[in-house]
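Below are a few notes for a colleague who is meeting this structure for the first time. They are best followed with the sequence and the structure side by side.

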Amino acid sequence: MVGSLDDDYPTTPVLLISAHPQGDDDDSGDTHFRVEEDAIELLAQYASSQPLPVIAITGVYRTGKSFIMNQLSGIDRGGFPVGATIEPCTSGIWMQFARNPETGGMCLLLDTEGLSSYTKSASYDAKLFALATLLSSFLIYNASGPIDDDALSSLAAATAVARAVRVNSTEPETSVQTAVGAGSGSEVSFDERRRQRRLAMYFPRFLWLARDFSLELEAGGERLTTNEYLERALAPIQGDSDRTRSRNVIRTAITGAFKERSCLTMRRPAHDEEDLQAISEALSAAGAGLAGLNLRPEFISDVEQMKAFVWSHLSPKQVNGSGVTGPMLSTLAEAYCDALNAGAAPAIGSAWDEVCENECNRALSQAIQAYDDDLDALLRKDSQAPLDSTNTPLISEASLAGLRERAFFVFQSNPLTSSSAPAAKVCSDKLEQHITKRAAEALHIAQSRNESRAEAMVDRLVSKVTSLLDSDSEDFSLDHIVENTKKVVDQLVNSVKAADPSLYTLVMMQLALRADHIWARPLRVHANRVISELEEEAEVRVAEVRADAEKDHSRAYATITGLNEDIASSDAQLETLRNERDKLQDKLAVAESRISSLEADVQKLSSDNPDVARKDEQIAQLQQDLAEARNALTQARREKLEIEEAAQSSQRKKRFFCC
Ligand SMILES: Nc1nc2c(ncn2[C@@H]2O[C@H](COP(=O)(O)OP(=O)(O)OP(=O)(O)O)[C@@H](O)[C@H]2O)c(=O)[nH]1
Ligand SMILES: [Mg+2]
C-alpha cells in the first residue's frame, strides 16, 4: 500500500488539530487549537456511517510514536513522518484512516505531538494529552524505558487537564491553569474521586507501551506479565511520608482516570547505539515495512505483538452510550478545542450537546432529503402514469404515511435523535412540519391530477359507449345499448370505487356532467340509425314498386298498341265493308229501280202483252234474285254490325288502358 487513496478511503495522514501559539510564552495558555477543515471533511465523507474506533498515541517526544502508528496503519510510504533527528517531528494532532485487519472495520489513528518537548510548556502538553484522551477509544502511552516514578509523574502531569474535564456542565469549572498547577501533588477528596470515577467512563482503554525495554519482568523470583508489571508500578506505596503520599496521589490519579489499562514492552530495535542510529535512519524512511532492515527479531516480534494486542482490544469511541462517528468526533474536537482556547477544561456534557445538535440536524437533513427524494419520485411516477388508469393512485394518505414512516426511520436510525437532548425534539418537530407541508402539497397535486384522471376515464367511457354503437353487433336494440352502457359504467364505477374513494367521487361527478353524452347521445345516434335504416328500406320498396309499375306500364302500352293495331285493321275492314255495302246498296238501288222498272214493265206488259206469263216467270226469277240480293244485304248489314261492335269494344278497351 502507498499513502494515497485506496478503494475505500484516503490513507494519507491529515492534520486534524493544529496548534497556533498566540504569544511568546506557551505557559500563558494562549495556544490556539483549531480543528482543520480538510480533516472535518474527510471524517464526514468517509466515516459518517459507523462509530469509529480511534487509536491515539501520546508520550514523550522522539520516542517512536509515529513509527508505531505507521506499523498500525500498514502504510509502507507516505505515513506519519518519522524523524531521525532530535528535533520534534510531529506537531499538533494528525489523523489517518486504517483498517483493523482482524475485523476489516475502519478505524482512525491519531498521532500526537510529543510531550515534554523543550519547545512546549507543561500546559500545552496537558491540553494535547487531554485532546488525545477525550477523542480516542484506545490510548497508547508511549514511554521509553521502565515504568518508574519519573515516568508516572510525566503521565500524571499530562493527565491534569483531562482529569479536570467536567462530565456535566453543572459541575464547577476548573481552568486549565488551575488544573495544571494542581498537577498531582495534592491529595484527592472523596467527591473528587467520585467525579473521577464517573469521568473514567469517558476515558479510553489505556496501553502503556514501554519502549527500549530491557528489564527482566521478575519480582521475588516470579515472572510477571507486562500487565502485572504495570499494576505493580501503579500500586500504592506503603508509607506515610509526604513524598510517599505525593507518589501515591500520582498513582491514584492514573488508576482513577484509566480503568481499563494494559502494558506491553518493546525491546530495542538494535543492540548498540551505532546500529541504532543507522536503524533509526532506516526506520524513518521505511514506513511500515521492516523487511530488509537489520532489526533484532525480538523487536519485530514485539511490534507484531503490539499490533495484535491493539487490534484485538479495539472498540468504537463511545460517549453517553452512543458510538461516535467521524462527524461526531470532529464536533467533539471542536467543542474541546473551543473550551481549551477559552482557558477552560473541556466539558463533555456541553460538547456532547453540540454533537447531539449536529447529529440531529444531520439526521433531519438526511430524513428530509429521503422524504423529498421519495416524494419527488412518487410525484414523477404519478405524473407519468396513464391518466385513464384505474390503478390504485400512487399519491394517497396511505402512501404518504409510508413515506413519512420511512423518513422517520431515516431520522431515528441516528441513535442521537432518540436521546434526551433538546435538539432531538426540535429536529423531530421540524421533520414533522416539513412532511406535513409537503404531504399537503402532494395531496393538492394528486387532487388536481385525480380530476384530470376522472375526466380521462369518463372520456374513455364515452368513446367506449360510442364504439359499442359503432360495433358490428347485430343486436342494435335499445335494451342492448342501455344494457351495454350500464355494463361499462358499472365497470368503471366499481373499479374506481375499489381503487380510491376520492377518485370515485370525482368520477361520479364527471359521470353526472357527461350524462347526456353517455345516455342521451347514444340513444339519439341509435334513433338516427333506425330512421336511416327505415329510409333505406322505404327507398328499396319504392324502387321495387316503381320497377313493377314500369313493367305494368310497358305491358299495358304493348296491349294498347296491339289494340290500336286491331282497331286500325277493324277500321280498315269496316271501311272495306262500308265500301262493299255502298256498292251493294248501289247495286240494290239499281236492282230496286230495275225491279220497279221491271215491275212497271211487267205491269205494262201484263196488261199489254200476252206473254205476260212468260214475263211472270222472268219476274219470278227477278224476284228470286231480289230476295237473294236482300239476303246478301242483310248478311252484309249483320257483318257490319259485328265489325262495328268489335270496333266499339276495341275503343272501350283503349280508353280503359289509357286511363
Ligand atoms: N531507540 C529506538 N528508536 C526508535 C524506535 N522506533 C523508532 N525509533 C526511531 O526513533 C526516531 C523517532 O521516531 P518517531 O517515530 O519520529 O518518534 P516520535 O515519537 O513520533 O517523535 P516526535 O513526533 O518528534 O515526538 C526515529 O529515528 C525512529 O526510527 C525504538 O523502538 N527504539
Ligand atoms: Mg511523531
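**Notes on aromatic pairs and surface patches**

1. In this model, which is predicted, the count of aromatic pairs comes to 14. One of them joins phenylalanine 213 and tyrosine 229, whose rings lie edge-to-face at 5.3 Å centre to centre, with 65° between the planes. Because phenylalanine 213 sits in the loop between β7 (205–211) and β8 (218–219) while tyrosine 229 belongs to helix α8 (residues 226–234), the pair ties together parts that are 16 residues apart in sequence. Phenylalanine 213 and tyrosine 229 are both buried.

2. Aromatic residues also gather into a cluster, and the one to look for is formed by Phe129, Tyr141, Phe203, Phe206, Trp208 and Phe258.

3. Turning to the surface, Leu478, Val482, Trp519 and Leu523 make a nonpolar patch of about 310 Å², and the elements that give two or more residues to this patch are α16 (478–499) and α18 (515–608). Tryptophan 519 is placed in helix α18, and because its relative accessibility is 34%, tryptophan 519 counts as partly exposed.

4. A surface patch of negative charge is formed by Glu37, Asp38, Glu41, Glu334, Asp338, Asp353, Glu354 and Glu357. At least two residues of this patch come from each of α1 (37–46), α12 (326–341) and α13 (348–384).

5. Is glutamate 334, a member of that negative patch, buried or partly exposed? Glutamate 334 has its place in helix α12, and it counts as partly exposed because its relative accessibility is 32%.

Notes. Residues numbered from 1 in each chain as written. Chains lettered and ligands numbered in written order. Predicted model: local features only at pLDDT ≥ 70, side-chain atom pairs only at ≥ 80, totals over all residues. Heavy atoms only, no water. Patch = residues over 30% accessible without salt bridge, like charges linked within 9 Å, V, L, I, M, F, W, Y side chains within 5 Å. Areas by Shrake-Rupley, 256 points an atom, 1.4 Å probe, with all protein chains shown as cover. Salt bridge = Lys/Arg side-chain N within 4 Å of Asp/Glu carboxyl O. Lys, Arg positive; Asp, Glu negative; His and termini not counted. Charge placed at Lys NZ, Arg CZ, Asp CG, Glu CD. Helix = DSSP H or I, 4+ residues; strand = E, 2+ residues; numbered from the N terminus. Buried < 20%, exposed > 50% of the residue type's maximum accessible area, 1.4 Å probe, protein only. Phe/Tyr/Trp six-rings, centres within 6.5 Å; stacked < 30°, edge-to-face > 60°.
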